Amino acid sequence: MTERTFSIIKPDATKRNLTGAINAVIEGAGLRIVAQRRIRMTEDQAKKFYEVHAARPFYGELVETMTSAPVVVQVLEGDNAMAKYREVMGATNPEQAAEGTIRKLFALNVGENSVHGSDSLENAKIEIAQFFTDADIVG
Ligand code: CMP
């Protein structure tokens, strides 16, 4: 079934000029980038986005990292897009990521892991709505 999921190309990747290289992996996997915007995330945006992790010891560092440089927020569309993108990203910790995945190819460590992808369709809807309106998404 055609689905949409939400993606972020994180500061560690934009700083190293990897937006195009990551997009090539995304498109190579058959996912379509149907909305994309480069932004500087505000502290409020990052805190809200990662609200579910607010109690974790790394929350402060996570918010700091995500606001440290520009990010590229994206909507990806395709067959089974949510699960497919999680496969394409690889494990959260790049040391555990499979060969050929974005995190294996580009991530530095668990906190600077180059990309974010939604972990459920429900969260994908919520995350997309935080950064895009329907009119921004051209499928
Ligand atoms: P992401 O998919 O964006 O969702 C939450 C993020 O928290 C995750 O990717 C990691 O970048 C980050 N994260 C998870 N575990 C740790 C950790 N132990 N230390 C620092 N950051 C972490």
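**A tour from helix α7 to the nonpolar cores**

In this predicted model, begin by selecting β1, β2 (32-39), α3, β3 and β4 (115-117), which are among the elements that cover the buried residues of α7.

Next, select Ala-124, Glu-127, Ile-128 and Phe-131, the buried residues of α7. These residues lie on the same side of α7, because the arc they cover around the axis is only 100 degrees. Then turn to the other side of α7, where Glu-122, Lys-125, Ile-126 and Ala-129 are exposed.

Return to Phe-131 and display its surroundings. Neighbours within four places in sequence aside, Phe-131 is in contact with Phe-6, Arg-37, Ile-39, Met-41, Gln-45, Phe-49, Val-73 and Asp-136.

Phe-131 also leads into the largest nonpolar core, which has 20 residues. Within this core, the members that touch the most others are Phe-6, Ile-8, Met-41, Met-66, Val-73, Phe-131 and Phe-132. Colour the elements that each give two or more residues to the core: β1 (2-9), β2 (32-39), α3 (43-49), α4 (59-66), β3 (71-79) and α7 (121-131). Of these, α4 provides the largest share, with four residues. Another core, of 15 residues, lies apart from this one; to locate it, select Ile-9, Ala-13, Leu-18 and Ile-26, which are among its members.

Finally, move to the segment after α7 and select Val-138. Val-138 has a relative accessible area of 60%, and it is therefore classed as exposed, the cut-off being over 50%. Add Ile-33 to the selection: the two residues are 105 residues apart along the chain, and their C-alpha atoms are separated by 9.0 Å.

How values were computed
Residues are numbered from 1 along each chain as its sequence is written. This is a predicted model: local features need pLDDT of at least 70, side-chain atom pairs count only at pLDDT 80 or more; totals for chains, interfaces and linings use all residues. Side-chain values use heavy atoms; hydrogens and water are left out. A nonpolar core is a set of buried Ala, Val, Leu, Ile, Met, Phe, Trp, Tyr and Cys residues joined through side-chain atoms within 4.5 Å. Buried means under 20% relative accessible area, exposed over 50%, partly exposed in between (1.4 Å probe, protein chains only). Contact means heavy atoms within 4.5 Å. The arc is that of the directions from the helix axis to the C-beta atoms.
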